[in-house]
Amino acid sequence: MLRTARPAVRLTGRLDAPLELTVAELRALPAHRVEVVFDCLSSGPQRHGFEGPRLWDVLRAARPRVDLRGRKQRPHLLLDVTGADGHRAVLSWAEIDPEFGNQQVLLATSIDGSPLDEAGPQLVVPADVCGARYVSGITEVWLGEPVH
């Protein structure tokens, strides 16, 4: 019997402990639930309930090389999130940092009560009106500095 690998998200970049986590491993982190409404260009308004860990908590588990005692060096950091289909979204560190935007961005492990173990985790940005940053089947989250 051939066993297929479960989708996993790699945390890379400016991290002391890069990780690769499956949906089941993400589910072991503290979970949060959000009800969202966002506009999808192809299918109109979408309403969903998502559950999963906050992106902030997932990144903290990978020990980001970020001085959390200082503030001025954090707002320039970027997060590049890539899905299995090549779709990408960029967020700033400050959007998820509790001392700045404190947005409850999730790496969802379920949508409307259905587990995402087979599809892979989904980026959920509850404050977004447009659904373009809802990246499905996340394969990588990179933390780093912009290239000049």
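I count two strands as paired if DSSP finds at least two bridges between them, and I kept to that while going through this predicted model.

**Sheet.** I looked first at strand β8 (residues 110–111), which is joined to β9 by 2 bridges, the two strands running antiparallel. For Ser110 I looked up the bridge partner in β9 and found Pro115. I then followed the pairing outward and noted an open sheet of 4 strands in the order β3-β4-β8-β9, with antiparallel pairing. Because β3 (32–40) and β9 (114–115) each have a single partner strand, they stand at the edges, and one side of each is left without a neighbour in the sheet.

**Gln122.** I next turned to Gln122, which lies in strand β10 (residues 122–124). I noted a relative accessible area of 10% for Gln122, and since buried means under 20%, I entered Gln122 as buried. Leaving aside neighbours within four places in sequence, I found Gln122 in contact with residues including Phe50, Leu106, Leu116, Tyr134 and Ile138.

**Whole chain.** I listed 3 helices and 11 strands in the protein chain, and from the N terminus on I read the elements as β-β-α-β-β-α-β-β-α-β-β-β-β-β. The radius of gyration is 15 Å, close to the 15 Å that the globule rule gives for 148 residues, so I noted the chain as being as compact as a globular protein of that length. Buried residues make up 45% of the 148 residues, and among contacts between residues at least 6 apart in sequence, 59% join residues at least 24 apart. I closed with charges, entering 17 positive and 19 negative side chains, with the centres of the two sets 5 Å apart.

Methods: Residues numbered from 1 in each chain as written. Predicted model: local features only at pLDDT ≥ 70, side-chain atom pairs only at ≥ 80, totals over all residues. Heavy atoms only, no water. Buried < 20%, exposed > 50% of the residue type's maximum accessible area, 1.4 Å probe, protein only. Contact = heavy atoms within 4.5 Å. Rg over C-alpha atoms; globule rule 2.2 N^0.38 Å. Lys, Arg positive; Asp, Glu negative; His and termini not counted. Charge placed at Lys NZ, Arg CZ, Asp CG, Glu CD.
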